[in-house]
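Me: I have a model open and would like to go through how some of its helix descriptions are justified. Could you take me through the reasoning?

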Amino acid sequence: MKRKTRLRIKLLAMWLLPASGFFALYVVPLLWTFRYSFASSAFDGGQAGFHNYVYIWTNEYFLLGLRNLLKTGLTCCLPAFALSLLLSVLMIRHEAAAAFALVVLFLPLLIPSVCAAELWKKVYKIDVLTPPGTALMALFTLFLWKCTGPAAIVLYAALRKLEKEVLEAAMLDGCGEARLTFGMRLPLIRRECALSLVLLLLYHLRFYKDVYLLYGLYPPKEMYLVQHYMNNQYLKMNAQYVSAAGASLACLCLGLFILALFVTGRREKKC
Amino acid sequence: MKTGCCLVLVFLLLLSLFPAASAHAETGRTLTIINSVGDSARFEKAAELFHARYPDTKILQRRIDDARVLATEIMAGGEGADIVGLQDSFMTVSAAILLKNGALVDLNRFPELAALKENCLDIFGFVTIDGRWYAVPEEIEEHLFRVNTTLAEKIGWQIPSGRWSMDDFWELALRVKRMNEETEEHILVLQDDSFLIPYFFHAYQANHVDAFAGRADYDAQAYIDLLTRWKELNENGLVCQSPDRVNPKMRADALLYTCRCPLSVLGEDTCILPPCESDASKYPVYGGVLSINANTPHMEEAVYFMRCYLSPEALERQYALRDGCWLKEGQAASDPLFIETVSDENVTLWSAVLENSVPELYLLDISREQYKTLFPALLEGRISPERFAAVSQQLADMALGE
């Protein structure tokens, strides 16, 4: 009994350290952000109630940034996921080339964003006059080049873990390559698929840095992301709007997370 | 072993905090001035006057080049940023936007400080927006037009003595164009080495883009006409820029020359006022200025420092050769070099521009985009003036509408 209690205390202590770090570095700043989102400005110490939320949710450019974030998220993440899936299957089928492919896929992560952005600028001749189609294509190809690799590596590792006997048995039963991939491999690695999708979404949220390096503070309208809005408001010293936008995004993400939990929970129950 | 190492590291960490804490305790009150460009004599005198009243308050000067760090320091308040030096062309955000968002203090709120303006010429137009006086000037640069008198005589051009209009300038350009066609000699009507964009566009921006009110008129017909005419001047080889952007020099074949410069550069050259779009137009003036951070915990000291900085005693030590005489009386006589180097006519013109000035505006990335992409594309014929205006308007709408 005593040993059990001691173990519990040890576990609690081990949990407390990271939990307090998480609380201090994430939860407290988030609470401060919520607090500042109700301030009238960073300078007069007054309260604005929900005025800042009304302002940003009726602001043309905040809404444009949000729309573009969702649009580019869909147009970049889904093709990147499909491509990473294809690459991982190809690597499994050609094990000899896999080691070389892994290096090539990992390389974009090691190249500084500034260098990549300069290269893309030269290739696509990017400036304020670039047609929207070309600008979008530049963004799309940069995302694929940079972010497909890590997702493909995650999927490749998952595919390698699958038991060969099971797949061979399926092949003996007359299962073709397509059916083997879509009917067996993918369902077996669905958790890793979800992980690589989450990874791609995270990369997409961080992709603002690359968009900024390509187009500066004011990109073509099609490229204007909500992060542009927040960054520009920060430079203009409108901390209250940055906080309101940050709090709104946090709520949106939390809502999506709860929705995803609800949907997956129901599906698990059905299974 | 591991525990021992950890303990030693923690001890060292704690120890490293002590010098900082003790240094802070020693300094007491500190007035922090960020990014000042003021010359030492005036600054030293202001500091001396300041310390006569606040002997225990230390004046600390800091330099912050990163716009985000600067924004953080200003918004955070605390001890970091009491007085802030602003130079629009080196900043990401125009002072007009900071004033609108409440980051800068309206100095008219302090009658004793405002009263000091009476000692000076009316030079505060370029640090006043919508009636709000937001800064004390430190240094000034203007765009006066230098004239090649030999060429002016040769073409029989009567050099204007006061204000003259853009229509007069276009007429002059037409006359030079005709002369170039008739003779073998090629004359340039204007060599323009203004910062980023040509002078006429600086003047248009300063008069027609109101960052404070959130309004830009880039898509107006007047702007498109200006672009069209500028393009024509380029196509006819009537305007140019100096190939050496670091040390620009007036070419012998240029009739007029302009660049943003201090008074000392003009010396005794023959200068005239820049042409104006209309009688109501004002001249863009650029300057390094000091503003008070609205978040400063040392408001009283900051205001008093500004009073010292604008006092006649400090202004008498202002580098008149570079910035001109701002005091109504006495300043020029104290600097013999100034009297020998700069002509009286140029001093009068310099003051005339200052007394009829607006802030030279750099609206976020727009001037840079115009310089980097839009002007080359316009002059190479890749875009029309209408497209130039539309893109500028779209950028301005974004910058002002966020």
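**Helix packing, step by step**

Reply: Gladly! Let me begin with a conclusion: α16(B) and α17(B) are roughly antiparallel to each other. Please keep in mind that this is a predicted model.

Me: What makes α16(B) and α17(B) roughly antiparallel?

Reply: Helix α16 (residues 366–379) of chain B and helix α17 (residues 385–401) of chain B pack at an angle of about 165°, and their axes lie 11 Å apart. Angles over 145 degrees count as roughly antiparallel, so the term fits this pair. Their crossing is right-handed.

Me: Which residues of α16(B) and α17(B) meet?

Reply: From α16(B) come Ile366(B), Glu369(B), Gln370(B), Leu374(B), Phe375(B) and Leu378(B). Their partners in α17(B) are Pro385(B), Phe388(B), Val391(B), Ser392(B), Leu395(B), Ala396(B) and Ala399(B). By class, the residues of this contact are 10 nonpolar, 2 polar and 1 charged.

Me: Why is α5(A) called oblique to α10(A)?

Reply: Helix α5 (residues 113–124) of chain A packs against helix α10 (residues 208–215) of chain A at about 45°, with the axes 9 Å apart. Roughly parallel needs an angle under 35 degrees, and roughly perpendicular runs from 65 to 115. The angle of about 45° therefore makes α5(A) oblique to α10(A). Here too, the crossing is right-handed.

Me: Which residues make up the contact of α5(A) with α10(A)?

Reply: Ser113(A), Val114(A), Ala117(A), Trp120(A) and Lys121(A) in α5(A) meet Lys209(A), Asp210(A), Leu213(A) and Leu214(A) in α10(A). That contact has 5 nonpolar, 1 polar and 3 charged residues.

Me: What about α9(A) and α10(A): at what angle do their axes cross?

Reply: Helix α9 (residues 190–206) of chain A crosses α10(A) at roughly 35°, and the axes come within 5 Å. In this contact, His204(A), Leu205(A) and Arg206(A) of α9(A) meet Tyr208(A), Lys209(A) and Asp210(A) of α10(A). The classes are 2 nonpolar, 1 polar and 3 charged.

Me: How do you know that the span of α3(A) agrees with its number of residues?

Reply: Helix α3 (residues 60–93) of chain A has 34 residues, so at 1.5 Å a residue the helix should span 50 Å. Its end C-alpha atoms are 49 Å apart, which agrees. At the start of α3(A), a side-chain oxygen of Asn59(A) comes to within 2.8 Å of the backbone nitrogen of Tyr61(A).

Definitions and conventions
Residues numbered from 1 in each chain as written. Chains lettered and ligands numbered in written order. Predicted model: local features only at pLDDT ≥ 70, side-chain atom pairs only at ≥ 80, totals over all residues. Heavy atoms only, no water. Axes fitted to C-alpha atoms, helices over the stretch in contact; angles between N-to-C directions. Helix = DSSP H or I, 4+ residues; strand = E, 2+ residues; numbered from the N terminus. Left-handed = near helix turned anticlockwise from the far one by under 90°. Contact = heavy atoms within 4.5 Å. Nonpolar A, V, L, I, M, F, W, Y, C, P; charged D, E, K, R; others polar. Expected span 1.5 Å × (residues − 1). Polar contact = N/O pair within 3.5 Å; in protein donor to acceptor, adjacent residues only side chain to side chain.
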